[in-house]
Every structure is written in C-alpha cells, then in structure tokens.
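Biologist: Please take a close look at one part of this model for me. I would like the cysteines first, and then whatever surrounds that topic in the helices and strands.

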Amino acid sequence: MTEVKLGGVTHPLYFSMLAIEQVLAELKIEDFSQLGLVMDSQSVAKSMKFGRVCALAGIQSGYRKAGEKCPFVTSDDLADAVEHFVELEPAILAFSAAVQQFFKPADDVAPVTGK
C-alpha cells in the first residue's frame, strides 16, 4: 500500500474501486473526457479540488483496508492538514495509476473493432 504525508503525518493510501468511484462522483465526472478537464493543471482551483478529493478518497480507502479509523471525515478536514500542494502529488499519481489499471482491458481480450 502506498502512503501520503500531510502536515508531517503519514497516512495509508489505496485506491479501491469504491475510492475511484468516490472521486468521479465528487467531481461529477461521467466520462473520461471530463476527467481530463478536471485534471487540467492550468486551473489552480481545479487542481486543488482534484488533489484534495483524490487524497481523501485514497486515504479513507487506505485506512479502511488497514482496519483503522480515518482521521478525516470530509475533504475540508483533510484540507486543514495540507501545508503544501506538493503533499497531494502522491495521491494524484496513485489515483491516475489506479484508474489506468482498473479500466485496462484484460490481456486475453481481443480489441473491439467497429464499422
């Protein structure tokens, strides 16, 4: 399991199916083109919200997987613990990797072709 350090405190980080779904729902994302827009690093506000939402979902999932109580109930609670945006980077990278892995087609499935 990956970890993320916020405000000097280390937290478990895990992106289960539920955590991925929570991020997509919180950001009101219905398809992958919308995900690209939300991850746009040109918008500071979008980047901050995306990082906060990713970190919360991943940390909550990490604590759930570890069988421990998460110290953050809301993304506002988490935001109070973040001292620098760069602290959110492990969560953003882990979310991106989890989405790619989760939606990757199986190796033994032929690609779909259409007319």
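**Cysteines, a helix and a hairpin**

Modeller: Cys54 counts as buried because its relative accessibility is 0%. Keep in mind that this is a predicted model. Cys70 is buried too, and its relative accessible area is 14%. That places Cys70 in the buried class, because the cut-off is under 20% relative accessible area. As for disulfides, a search of the whole structure finds zero.

Now the helix. H5 covers residues 89-102, 14 residues in total. From first C-alpha to last, H5 reaches 20 Å. That is close to the 20 Å expected at 1.5 Å a residue. The buried residues in H5 are Ala91, Ile92, Ala94, Phe95, Ala98 and Val99. They sit on the same side of H5, because they cover an arc of only 165° around the axis. The other side of H5 carries exposed residues: Leu93, Gln100 and Gln101. So H5 has a buried side, where Phe95 is one of the residues, and another side where Leu93 is exposed, given that exposed means over 50% relative accessible area.

Last, the hairpin. Strand S1 spans residues 2-6 and strand S2 spans residues 9-13. The two run antiparallel, and five bridges join them. One pairing to check on screen is Glu3, whose bridge partner in S2 is Pro12. Two residues lie between the strands of this hairpin. There, look at the backbone of Gly7, which takes a positive phi near 55°.

Note on methods: Residues numbered from 1 in each chain as written. Predicted model: local features only at pLDDT ≥ 70, side-chain atom pairs only at ≥ 80, totals over all residues. Heavy atoms only, no water. Helix = DSSP H or I, 4+ residues; strand = E, 2+ residues; numbered from the N terminus. Expected span 1.5 Å × (residues − 1). Buried < 20%, exposed > 50% of the residue type's maximum accessible area, 1.4 Å probe, protein only. Arc of directions from axis to C-beta. Pairing = 2+ DSSP bridges. Disulfide = S-S within 2.5 Å.
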